[in-house]
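Me: Could you take a close look at one part of this model for me, the place where the two chains meet? I'd like a connected account that I can follow with the structure open beside me.

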Amino acid sequence: MDTVEKIVEDFASDIAMSPFSSGTRLRDMIRAIRACKTAAEERAVVRRECAEIRAAISEGGGEGIRHRNMAKLMFIHMLGYPTHFGQMECLKLIAAAGYPEKRVGYLGLMLLLDERQEVLMLVTNSLKQDLNHSNQFIVGLALCALGNICSAEMARDLSPEVERLMRSREVNTKKKAALCSVRIVRKVPDLAENFMGLASSLLKEKHHGILISAVQLCTELCKASKDALEYLRKNCIDGLVRILRDVSNSSYAPEYDVAGISDPFLHIRVLKLMHILGQGDADCSEYMNDILAQVATKTESNKNAANAILYECVQTIMGIEATSGLRVLAINILGRFLSNRDNNIRYVALNMLMRAITVDTQAVQRHRTTILECVKDADASIRKRALGLVFLLVNDTNVKPLTKELIDYLDLADPDFKEDLTAKICSIVERFSQEKLWYIDQMIKVLSLAGNHVKDDVWHALVVVISNASELQGYSVRSLYRSLQAFVDQGSLIRVAVWCIGEYGEMLVNNVGMLQLEEPITVTESDAVDAVQLALNRYSTDVTTRAMCLVALLKLSSRFPSTSERIKQIVSKNKENIVLELQQRSIEFSSIIQRHQSIRPSLLERMPALDEASYLVKRASTAQATLAADKPAPTVSPGGLKLPNGAPSSASTDILIDLLSIGSSPSQNGAPAADLSPPAQLGAVVPEATDLLSSLSSSTSVSGTKSAPAVQDMDLLDGLTSNTSVSGHDNYLSITAFQSATLKINFGFKKQPGKPQETTILATFTNLTSSSYTDFVFQAAVPKFIQLRLDPASGNIVPASGDGSVTQGFNVTNNQHGQKPLAMRIRMSYKVNDWNKAKSAIFLPGYSADRTRSLNTHIPKAIDRVRRRGEDRHIGERRQGEERGAATAESEERRAAAAAATESVERRAGRTMTGEE
Amino acid sequence: MGIRFVLLVNKQGQTRLAQYYEHLSLDQRRALEGEIVRKCLARTDHHCSFVEHRNYKVVYRRYASLFFLVGVDNDENELAILEFIHLLVETMDRHFGNVCELDIMFHLEKVHFMLEEMVMNGCIVETSKQNILAPIHLMDKSS
C-alpha cells in the first residue's frame, strides 16, 4: 500500500512518462496558491488548475493522475471554489482495486458530493461491493462513507449489509456499522426495530469505541420510535449503569485518559442517553439515582473534562424524575459553576439555570444577583444568556428592582446589545406593570435612554395607555417634555413627546393634574412650540416624526391662539419640501390655520381615547399576519411610495399612524364615541376634504365602506360557505387582488362544501397597457400554516389592452382555519419589449377572529386613500405644463396604483396592499 | 446530530480545513465561514469560547495561529466539544510531531483521514489516539 503523500510525490516521475503531463504537483499548486497576494491572483491560479484537471478528466488520464487530481480538487474545494466536475472521478477511484485509491476516492466523495441523486445511485453498487469486501479497512471505508452521505433509498437498500456487519468480529467494523446505522435510522425511522436488539447487545462490549457508537445508536433509536424507547428502557438501563460504573471506577487507562478522567466522551454520551430514558419514567429514574449521585459527588471539578461531565450530569438530573436530594446536589454544583471565574464555566452554568428554572424556580431565584451581574459582563455570549435568564426570572414581586437594574444598565450597554436589552425591558414592563404610573415612568426612561431601539408597536402602546389615563395625561406630557429637553436624539421619544404636546399642550403649560411627587415646571406657550419646532428642524428627524410635528403644531395653533401666527410661519416653511407627505401637510395645514379659523377648534379637538383592549387584540393579530419578510423597511425614501401614514404600501395596520393623519378613532371604537359628536370629528379627520379637495366627499366613502355586503367576502374566505350566496359550486366570487396602471389581477374564490379550510382560487391576469407581456410568471408564497398548490397557467403571454387574459388556478389549504386569516405574497414577473418587469403585493383578505373590527380598520384606510387620490390631482394640477420625464411617469404609475387600490377597497374586496419593485 | 462542521482557520481568516456533516451549498458555506470567522476572530482571550450563530453554537479554541471552530447543535455539551478539539490537536501532534499550519495544508488528506476516524455523520466514534492513528500508520508502513 501507498501513502497518499508518497503517491503525490511519485507523480513527479510519472509525469515525465505520462502523455498528459501538463499538470503540476500538488505541493506546487499549494505553494502557488499560497504565494498569491490578492484574491484575483488566487482565482487565476485555481482557474488554471481546474482547467487542467478538467482536461485530464476528459482525456481519461491514468490511475495516478486521477489520484493526484482528486487531492488537488479537495484543496480547491476547501478554498470555496466549485468542484462538482470531480464527482465522477471519485466514483472511478472508488471502483479501483487498491486501498489508497479507494481511500482518496471515498474522501473525495464525502467532501465534494452535492446530494445529486444520480451520483448517489451510481455509488450504491460500489458501496455494496465494498461492504462485502474481505479486507476490514475497505469495509470500514465503505461504512464511513455510507454513514456520512447515504440517502433514504440507499439506507433501505444497504441496511441488511450494515446489520450483518454489526455482528462482525472486527472491532473497527462493529463500531462503524453501529454509527452507520445512526444515519440509516435517521433517514428511515421504520427500520428502527431491526436495530433495537443489536444496539442493546452491543452495550455489553468492552471496547470504548463500540460502546460510544452503540450509546449514540440507542439515543437515535429513542428519538426515532416510541417502541424502541420502551424497549431500551426495559433492556439497556442495566448496561448503561454498568458502563458508567466501570468507566468512573476504572483504574488508569492511558489511551482514554483525559487529565485523570477516564474517557469523558463516553461518560457524557451515556449520561445523555440516561437523560432521554429517565425523562417521564419514575422507575428508570430511580434505577439511575445512585450512579448519578456517585458521578456528581466523585467527579472533581478542577479540569475542563471533569466539568463537562458534571455539566452533563446536572442536565440529566434536571431532566429525569430525580429524588429531591439529588436535585439539591445538582443545584449546588450549579452554584459552584456560577461563581467560577472561568467564562466558559459561567456560560455553561447560565445555560443550565435556564433549564433548571422549570424544575426549581426558587433555587434559581437565589442566584438572581449573580445573574444580574452577568447581564453586565464584557462577553456578548454571556450577556445574551444572562438576559434570557433574567427575563424568565421576572415575576410580580421582583419586577420593580429588576427593571430598575436593567434600565440603569441600559445607559452603559454597548450599542449592539442595546436593542436586545431594550426589547426585553419593554416586554417585561408591559407584561408585569400593575399600575399605569409605573408603566409610563419606565417607558419614558427607556425611550430617553434607548429611544432609537424601541420598536414601533411599543411606543404606540404607550400612546394608547396615555390617551386612556386621563388623570395621568398632564403628568405624562410634563415628564416627556422634561425628557425631550435632556435627550434630543432618541427617535421614538421625540415622537411620543411631540404627540403628547400636541394633544395635551395646555396641561403642560397650566400644570393641570399635578401629582404629589411631581415638581412643578414653568412652560410657556411659546416654549411648547419651541420644543416641537426644534424636533421638526432637527437634521436627524425622519419623515414620520416630522409629519407628527406638523400635526402637533396644527393642534397647538388652536390650543394657544397667541402662537398661531408663528406656527403658521413654521408650517409654511415646509410647503416646498421635496417629501410629498410633508409638502402636502404643510400646504393643507397652512390653509386651515389661515382660512378656516371658525371651524378650527372643533376640527382639532383632542383625540378620543383609544380602546386599549381592541388595540391589544389588533396588535397581536398584526404581529401574526404580517409575515416577517414583509415588514416594511424603516427607511423612508423621499417621494417614495412608502409614506408613513398608513400609505397603501405599508403592510402594517398601524392604527396610531392612521390616527395621527386622519382620526380613525370613531370607527376604531366600533360605535362613535359618546362624548364627541361624530360630524365634528369627521370634519376634523379630513380637513383637506373640506377645502382643498372639495370635490371629494369623504363621508360618502366612509358610509360606503360600512355598508353590509362587505361581510360576505370575509365569510367566503374564512370558510362559511353553506349560508352565503355561493351555494352553486362553480360560482367564483371575484375580487381584485392587485391592480396597477399596467396590470390587473382578479381572484375568483370557490369553496368545497364540507372543507372550509380549502379554497380554490382562479387568478385572471389582464394587461392594461398597449404592449403585450411575454414570459409572464405568477408566483405566490404563503406562511407556514397555509399549504399552496399552483396549477399550470393557461399561457405565458398576456395580450395587450385587456384583449384576452391569462388564467391560473391554485388551491390553498389553511391549516389554522378560523384562527389565522389567509395571507399571501404574490409576485408577477414578465417582459415588455424584452424589458424585465416584476411586481409584488401582499394579499390579506381579512381577519376571521373579529370580522367587524377588521372591517372597521378598512375605513380609515379608505379615507386615507381618498385623500391620497385628491393629492394626486393636486400635484397633477401643479405639474401641468411641466415636461414629464421617465421618473415622473414612474411615480405617476405608482400613484395610479395607490388610487386603484383605493377603488378595490371601496369595492369592499378585502384589504389589498400593493408594492412594486 | 451533534457536530455540524469542523473548521480550521488561520489568524488571517483563511480556511485551512473544512468538513461539513450537513449539506450546504458552496455559497452558503462561504457566507457561513465568513460570518463565523469574523465573529470569532474579534473575540479576545477573556471571552468565553462559545458563540451563538443562527440556530447553532460555535465552540472555538485557538492554538497559536490556528483557530479550531466546531459548529454544534444547541443541546450539545460545549465543554465536551472543547475537549474534542483538544483531542484532535493532540492526535495531529502525535502524528506530525508538534503540528503547525503548514503540516495541515500540505497533508490535508491525512487530517481528513484522522477526522474521519474520529467523527462520523456528526457523532464521535473513537477517542483513543492510538486507534485513530492505527489505519494511517498502517498505510504509511505498507508504502
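Reply: Happy to; here is the interface, followed by some salt bridges and the nonpolar core. This is a predicted model, in which local features need pLDDT of at least 70 and side-chain atom pairs count only at pLDDT 80 or more, while totals for chains, interfaces and linings use all residues. Residues are numbered from 1 along each chain as its sequence is written, chains are lettered from A in the order in which they are written, and side-chain values use heavy atoms, with hydrogens and water left out.

Let's start with the contact itself. On the chain B side, 60 residues are in contact with 71 residues of chain A (contact means heavy atoms within 4.5 Å). Together the two chains bury about 6,000 Å², with 55% of it on carbon and sulfur atoms; buried area is the accessible area (1.4 Å probe) that two parts lose on being put together, summed over both. In chain B, the residues that lose the most area to chain A are L79(B), F106(B) and M120(B), together 12% of what that side buries.

Charged pairs also cross this interface. Six salt bridges are found between chain B and chain A, a salt bridge being a side-chain nitrogen of Lys or Arg within 4 Å of a carboxyl oxygen of Asp or Glu. E52(B) forms a salt bridge with K384(A), and their closest N and O atoms are 3.6 Å apart. Among the elements that give two or more residues to the chain B side are β3 (50-53), α2 (78-96) and α3 (101-106); helices (H or I, at least four residues) and strands (E, at least two) are DSSP runs, numbered from the N terminus.

Within chain A, E503(A) and K555(A) meet in a salt bridge of 2.9 Å, N to O. This pair links helix α28 with helix α30 (residues 543-559), 52 residues apart. Both E503(A) and K555(A) are buried, where buried means under 20% relative accessible area, exposed over 50% and partly exposed in between (1.4 Å probe, protein chains only).

Finally, the core. The largest nonpolar core has 286 residues, and those with the most contacts inside it include M274(A), I501(A), I3(B) and L69(B). Helix α28 (residues 491-510) of chain A gives the largest share, twelve residues. Such a core is a set of buried Ala, Val, Leu, Ile, Met, Phe, Trp, Tyr and Cys residues joined through side-chain atoms within 4.5 Å.
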